[in-house]
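Subject: A structure to look at

Hello,

I am passing on the structure we talked about, and below it I have put some notes on what turned up. Please have a look at it first, then read on.

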Amino acid sequence: MMTALLGLIAAAFLAATPLPMQSEAVFVALQLAGSVPVWLMILAAGLANTAGSAVTWGMGRGLRALEGRFKTPAAQLARAEAVFARWGRWSLLLSWLPLGDVLCFVAGVLRVPLWQFLLIVGFAKTARYAGLAAVTAGFAAWVWT
């Protein structure tokens with residue numbers, strides 16, 4: 001159980017950084033295996049994904065020191081900046097979407113306070129895993145009944 005949970009934590013953390021990683025497949029596979037309580041999976045994945053987003057926020061915050069090391073496509077960055085300009089820090093509720101990593105980066109660039117960032121992103125990321133768990137449970141019940 002602990003090894004599986006640590007694998008989920010690693011996948012969720014890395015998925016929220018600029019690295020090309022997805023954690024949903026790991027989450028669903030672990031849920032279907034039934035070896036870890038779902039509430040613990042949601043909590044662990046939500047916290048780890050939020051921590052990974054904080055790394056991305058920190059990269060945005062330290063943009064000058066990291067300039068040139070990580071490339072963000074200009075179109076994606078412009079789109080994230082437009083969303084952020086319109087909705088402000090509440091756009092971070094979309095941080096679970098594919099564009100979310102760029103929103104987290106922009107939040108760091110624009111110096112959104114870390115505590116506000118963590119509250120909003122933590123809610124969004126954890127709610128996403130709760131929704132994924134509900135969909136997986138519903139699908140599994142539909143398939144196996």
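A residue counts as buried when its relative accessible area is under 20%, as exposed when that area is over 50%, and as partly exposed in between. F117 has a relative accessible area of 0%, so it is buried. Please keep in mind that this is a predicted model.

First, the overall picture. The protein chain has seven helices and zero strands, so anyone reading along the sequence meets the pattern α-α-α-α-α-α-α. Of its 145 residues, 38% are buried. The accessible surface is about 8300 Å², and carbon and sulfur atoms account for 72% of that. If you take the contacts between residues at least 6 apart in sequence, 72% of them join residues at least 24 apart.

Next, the aromatic rings. Two rings count as a pair if their centres lie within 6.5 Å, and by this rule there are two aromatic pairs. One is formed by F27 and Y129: the ring centres are 5.3 Å apart and the planes are at 35 degrees, so this pair is tilted. F27 belongs to helix α2 (residues 24-33) and Y129 to helix α7 (residues 114-143), so the pair ties together parts that are 102 residues apart in sequence. How accessible are these two residues? F27 is buried, at 0% relative accessibility, and Y129 is buried too, with a value of 0%.

The other pair is W57 with F117. Here the ring centres are 6.0 Å apart and the planes are at 35 degrees, so this pair is tilted as well. It links distant parts of the chain, with W57 in helix α3 (residues 38-61) and F117 in helix α7, 60 residues apart. W57 has a relative accessible area of 11%, so it counts as buried.

Y129 has a further partner worth a look: R128 lies over the face of its ring, at 4.3 Å from the ring centre.

Now to the nonpolar cores. Which residues have the most contacts inside the largest one? That core has 15 residues, and the ones with the most contacts inside it are A80, F84, L92, L103, A107, V112 and F117. The elements giving two or more residues to it are α5 (74-87), α6 (100-109) and α7. Of these, α6 gives the most, with five residues. For a closer view, try F84: leaving aside neighbours within four places in sequence, F84 is in contact with R89, S91, L92, L103, V106, A107, L110 and V112. Another core lies apart from this one; it has 14 residues, among them L5, M41, A44 and L132.

Last, a stop at L14, which sits in helix α1 (residues 2-15). Is L14 buried, exposed or partly exposed? At 31% relative accessibility, L14 is partly exposed, because the value falls between the limits of 20% and 50%. Not counting residues up to four places away in sequence, L14 touches L19 and M21. The C-alpha atoms of L14 and V55 are separated by 9.8 Å, and these two residues are 41 residues apart along the chain.

Happy browsing, and do write back with any questions.

Best wishes

Methods. Residues are numbered from 1 along each chain as its sequence is written. This is a predicted model: local features need pLDDT of at least 70, side-chain atom pairs count only at pLDDT 80 or more; totals for chains, interfaces and linings use all residues. Side-chain values use heavy atoms; hydrogens and water are left out. Rings of Phe, Tyr and Trp (its six-membered ring) pair if their centres lie within 6.5 Å; planes under 30 degrees apart count as stacked, over 60 as edge-to-face and the rest as tilted. Helices (H or I, at least four residues) and strands (E, at least two) are DSSP runs, numbered from the N terminus. Buried means under 20% relative accessible area, exposed over 50%, partly exposed in between (1.4 Å probe, protein chains only). A charge sits over a ring if NZ of Lys or CZ of Arg is within 6 Å of the ring centre and within 35 degrees of the ring normal. A nonpolar core is a set of buried Ala, Val, Leu, Ile, Met, Phe, Trp, Tyr and Cys residues joined through side-chain atoms within 4.5 Å. Contact means heavy atoms within 4.5 Å. Accessible areas come from the Shrake-Rupley method with a 1.4 Å probe; for residues, only the protein chains shown count as cover.
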